[in-house]
Amino acid sequence: MKPVLILLSITIATFLGLYPSISKRKSFLWKFFTATILTIAIILNFLPPTAANINEADFLARKNHQSQINILFTTAPELIKYDSNSNHWEVGTFNDNKTDFVFTDKQLSNQFNRIAEYIVRATYIPEERVYKITAINAINPIFTFPYIPGLEERIRIMNFHVPMAWIAVIAFLLSMIYAIKYLKSKDIKFDLYSSSIAAIGLLFTFLATTTGMIWAKFNWGSFWNWDPREVSIFILLLIYSAYFGLRNAVNNYDTKARLSSVYSILAFTTVPFLVFVLPRLQAGLHPGSGSDTSIGPILSSEKGLLNEYLLYTFCLSLFAFLLLFYWLTNLSIRLNNNQISKLDYTRLQ
Amino acid sequence: MEGFFGDSTIPPVLGIVLLIWLGILVYLFFIDAKLNKLEKRLKSEFENQIYEKSEGKQ
């Protein structure tokens, strides 16, 4: 299910992006569709609350987890009982669990007024072996993100950071394909496609690095930790920055196109090694690194590593950001094409 | 369905992200329209140039 959905998102977005042509102006309907899908993806990545289910809460309680977490359970007004001795309300749930929930705020008892799914904000009190509810976050939520200790609300950034890194790899692959096409045909338009795609690929590499840095700051304490994956993406940034250095250093267009096409092919040979091999060999902070037991939540076939809602939103984000990538590429190609046309025009004059 | 916003910090973050996204969208549509105009202008200028050249030869 997981690989099918991911491959389907990439294939459909690529088909939409390359059809009828990567360089022709996109129709208004295409642009409107892309804008709408991206807006929906952004909203669905931010709106739903994160929540642990009751078994996860049990597990956290056993681990004496004492920070505030969001817990999802089903309850009814009949299951809320006031205990005058301890002066608090006890909350019974429909789930067969060992965790007890209590609250002291009278106003909360009015909010548990019907049979529903509630997401409560609660803190575990080890002395009393109960979760103390401080607020009700949501009632009958449509979707919830999984609660992952250590990640909490930051889990949402996964749907921005990972698609951007993947799109950068797709971009560099496409750039290499067009570079080969140029070397075979010597048609200048393929060089134009190759360089424009590499530029947008570099932009997405930069975005993946930036979103990763923000995530790292709040998860690992600093923006840059010299983790193997951080090092490899930094090398990738340098390699593709050098590609543009090379292009700008040569004045003759044919030499520039020939040299940069060969460079693009050589540069892409490093991508699988830097993205898929090196970070998995070395021990590191990223999921899927050498010290991790799995190859990461997205690629792993292990069940339960990726919650269903997270998988759907991830695929939607991948699809939406790929469409944005093709739109940006289209604009970049047309812009560069016009610059070449302008040169031809001045040459004619 | 009530209280869809799970965390009180999420709505402002979503608001800022949507505002930035709206700005990017407006810019993209603007660039697209500008490019379209430029393409049309260059095309007609190029055609005129070729026409004038062929006229000159005759």
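User: A:Asn87 lies in the loop between strand 3 and strand 4 (88–91) of chain A; why is A:Asn87 called partly exposed?

Analyst: This is a predicted model, in which local features need pLDDT of at least 70 and side-chain atom pairs count only at pLDDT 80 or more, whereas totals for chains, interfaces and linings use all residues. Residues are numbered from 1 along each chain as its sequence is written, chains are lettered from A and ligands numbered from 1 in the order in which they are written, and side-chain values use heavy atoms, with hydrogens and water left out. As for the label itself, buried means under 20% relative accessible area, exposed means over 50%, and partly exposed covers what is in between (1.4 Å probe, protein chains only). A:Asn87 has a relative accessible area of 47%, which is between those limits, and therefore A:Asn87 is partly exposed. The backbone of A:Asn87 is also of interest, since this residue other than glycine has a positive phi near 55 degrees.

User: What makes A:Asn140 partly exposed as well, and where does A:Asn140 lie?

Analyst: The relative accessible area of A:Asn140 is 30%, which places A:Asn140 in the partly exposed class. A:Asn140 belongs to the loop between strand 7 (130–139) and strand 8 (145–146) of chain A, where strands (E, at least two residues) and helices (H or I, at least four) are DSSP runs numbered from the N terminus. Its phi, near 50 degrees, is again a positive value in a residue other than glycine.

User: Why is A:Ala76 called buried, and which residues does A:Ala76 touch?

Analyst: A:Ala76 has 0% relative accessibility, so A:Ala76 counts as buried. A:Ala76 is found in the loop between strand 2 (69–75) and strand 3 (80–83) of chain A. With contact taken as heavy atoms within 4.5 Å, and leaving out residues up to four places away in sequence, A:Ala76 touches A:Phe94, A:Arg114 and A:Ile115. The C-alpha atoms of A:Ala76 and A:Phe112 are 6.8 Å apart, although 36 residues separate the two in sequence.

User: How do you know that A:Ser232 is buried, and what is A:Ser232 in contact with?

Analyst: The value for A:Ser232 is a relative accessible area of 4%, and on that basis A:Ser232 is buried. This residue is part of helix 7 (residues 228–249) of chain A, and, its neighbours within four places in sequence being set aside, A:Ser232 is in contact with A:Leu274, A:Leu278 and A:Pro279.

User: What makes A:Phe273, A:Phe276, A:Val277 and A:Leu281 a nonpolar patch?

Analyst: Patches are made of residues with over 30% relative accessible area and no salt bridge, like charges being joined within 9 Å and nonpolar side chains (Val, Leu, Ile, Met, Phe, Trp, Tyr) within 5 Å. A salt bridge here is a side-chain nitrogen of Lys or Arg within 4 Å of a carboxyl oxygen of Asp or Glu. A:Phe273 has a relative accessible area of 43% and is partly exposed, so A:Phe273 passes the area requirement of over 30%. A:Phe273 is found in helix 8 (residues 253–281) of chain A. Together the patch residues offer about 390 Å² of accessible area on the surface, a quantity that comes from the Shrake-Rupley method with a 1.4 Å probe, only the protein chains shown counting as cover for residues.

User: How do you know that chain A is more spread out than a compact globule?

Analyst: Chain A holds nine helices and eight strands. Its radius of gyration is 26 Å, well over the 20 Å given by the globule rule for 349 residues, so chain A is more spread out than a compact globule; the radius is taken over C-alpha atoms, and the rule is 2.2 Å times the number of residues to the power 0.38. The C-alpha trace spans about 95 × 45 × 30 Å along its principal axes, while buried residues make up 50% of the chain.

User: Why is the length of helix 5 of chain A said to agree with expectation?

Analyst: The expected span of a helix is 1.5 Å times one less than its number of residues. For the 28 residues of helix 5 (residues 158–185) this should be 40 Å, and the end C-alpha atoms are 40 Å apart, so the two agree. Just after helix 5, A:Lys186 takes a positive phi of about 60 degrees.
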